[in-house]
Every structure is written in structure tokens, then in C-alpha cells.
Amino acid sequence: MTSTSTPPGLARFNALEEHAALAALHEACASTAWARRLLAARPYAVPEALYAASDAVTAELTTEDLAEAMAGHPPIGRPRPGDPASAREQSGMAGAAGALRAEMLELNLAYQEKFGHVFLICATGRSGEEMRDAARERIGNPPEREREIVRTELGKINRIRLARLVEEDA
């Protein structure tokens, strides 16, 4: 069964005033270019159209745009205080043992030293061990390869956050 009506959460997003929609998009991704391009393409008929637009824009972000997007993400194991989305996304580290948390801190620092930005991974549904193992593996990547992995991870995060934005009840 297909519906021709826009789902309520997406209709609400489409109807937001520009400044409010831009603010909502900035909560999903800190890249101004990403948010402005998604805003300019409104209205979206179905959530999948919004997600596809996000994927397309994410694929075209410049190095500077990616850096701006990554700056909006806290290190793994240190969600932003008072940010329920950050805590929810990183919940796999919440109950991690002290040794794992300490190792993740060291990996975060080494990664940031090598690449110049936060270790970015779509943490939703991953355990602390899985995130640690990914950081261990990825720290050996050349910068060009890592930039593409970051772009892919950012796309996953953006989709999850957009889904929450358009599927929430008013």
C-alpha cells in the first residue's frame, strides 16, 4: 500500500520557518553547506527523498565542509554533557570498563594527532569493544582512505538523525 500524503513528521519539517528548519538540520549535522543544501531542496514528499538528498550532499562535501561537520561530534566515550542524542548514540561506551574507556581515550588522542580531527564512527548499535576495534584498525589508514570512511560514517549518522527529526511526534 502506498500513500500519497507526506508523513506528519516530515510535513512538520517541511513547514518549519527557514531559521527553525536550518537549526534542526544543524542539530543533525554541523556542516553549514549540508544544512543549506537540504533546506533549499524542501519540500520533501517522503523521508527517503530527504535521506537520498542527504547522501548526495554528503558525497559532495568539501574537505572544509567535512571538517565543519566533524567538529560537531564529540570524541567516542565522551558524549556532550546534556546532549541526549550524543549519549544515546554512544551508549555502547556507557557501561564500558575503565580499561576500555582509557584505551579509547588514548586511541582518540592518537587518531586526532594523526588525522587532525575527531575519530568519527556511526556508534549507534555498536559496543565499546567494536568502536575500539574500529579505531585500532582505522588509525593505520592513509589520510585519503580515512577521509572517505569518515564521509561514509557521517552519511550513516546523518540518516539516523534525520530519521529521528522527521519521525518524531510533535
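Which helices each supply at least two residues of the lining of the largest cavity? The answer is α6 and α10, and the views below take us there by way of confidence, salt bridges and aromatic rings. Please keep in mind that this is a predicted model.

**Figure 1. Confidence along the chain of the predicted model.** Let's start with how far the prediction trusts itself. The chain has a mean pLDDT of 91, with 96% of its residues at 70 or more. Helix α3, residues 32-40, is where confidence is highest, at a mean of 98. Confidence is lowest in helix α6, residues 84-89, where the mean is 76. Keep α6 in mind for the cavity view, as this helix supplies at least two of the lining residues there.

**Figure 2. Glu60 and Arg37 join helices α4 and α3.** Here we zoom in on one of the 12 salt bridges counted in the model. The closest N and O atoms of Glu60 and Arg37 are 2.8 Å apart. Glu60 belongs to helix α4 (residues 47-60) and Arg37 to helix α3, so this salt bridge ties together parts that are 23 residues apart in sequence. Arg37 has a relative accessibility of 40%, so this residue counts as partly exposed.

**Figure 3. Arg159 and Asp55 form a salt bridge between distant parts of the chain.** The two side chains meet at 2.7 Å, N to O. Arg159 sits in helix α10 (residues 143-167) and Asp55 in helix α4, with their positions 104 residues apart in sequence. Are these partners buried, exposed or partly exposed? Arg159 is partly exposed at 28% relative accessibility, and Asp55 is partly exposed too, at 29%.

**Figure 4. Glu148 and Arg151 pair up within helix α10.** This salt bridge measures 3.5 Å from N to O. Both residues lie in α10, three residues apart, which is about one turn of the helix. Arg151 is buried, with 13% relative accessibility, whereas Glu148 is partly exposed at 39%.

**Figure 5. Four charged residues share a salt-bridge network.** Take a look at Glu103, Arg132, Asp133 and Arg136, which salt bridges link into a network.

**Figure 6. Tyr111, Phe115 and Phe119 form an aromatic cluster.** Ring pairs link these three residues, and a search of the whole structure finds two aromatic pairs. Tyr111 and Phe115 make a tilted pair, 4.6 Å from centre to centre with 45 degrees between the planes. These two residues are four apart in helix α8 (residues 98-115), so about one helical turn separates them. Tyr111 also pairs with Phe119, this time edge-to-face, with the centres 5.2 Å apart and the planes at 75 degrees. Tyr111 and Phe115 are both buried, and Phe119 is buried as well.

**Figure 7. The largest cavity and its lining.** We finish with the empty space inside the model, where one cavity of 30 Å³ or more is counted. The volume of the largest cavity is about 130 Å³. Its lining comprises 15 residues, and the closest to the centre are His73, Glu89, Gln90, Ile121 and Ile157. Which helix gives the largest share of the lining? Helix α10 does, with three residues. By residue type, the lining divides into nine nonpolar, four polar and two charged residues. Helix α6 is the other helix named in our opening answer, and α6 is also where confidence in the chain is lowest.

Key: Residues are numbered from 1 along each chain as its sequence is written. This is a predicted model: local features need pLDDT of at least 70, side-chain atom pairs count only at pLDDT 80 or more; totals for chains, interfaces and linings use all residues. Side-chain values use heavy atoms; hydrogens and water are left out. pLDDT is the predictor's confidence in each residue, from 0 to 100. Buried means under 20% relative accessible area, exposed over 50%, partly exposed in between (1.4 Å probe, protein chains only). On a 1 Å grid over the protein atoms alone, a cavity is a set of points where a 1.4 Å probe fits but cannot get out, and a pocket is an open set with protein on both sides within 12 Å along at least five of seven lines; lining residues have an atom within 4 Å of a point. Grid points are joined across faces, edges and corners, and a volume is the space filled by probe spheres set on the points. Ala, Val, Leu, Ile, Met, Phe, Trp, Tyr, Cys and Pro count as nonpolar, Asp, Glu, Lys and Arg as charged, and the others, Gly among them, as polar. Rings of Phe, Tyr and Trp (its six-membered ring) pair if their centres lie within 6.5 Å; planes under 30 degrees apart count as stacked, over 60 as edge-to-face and the rest as tilted.
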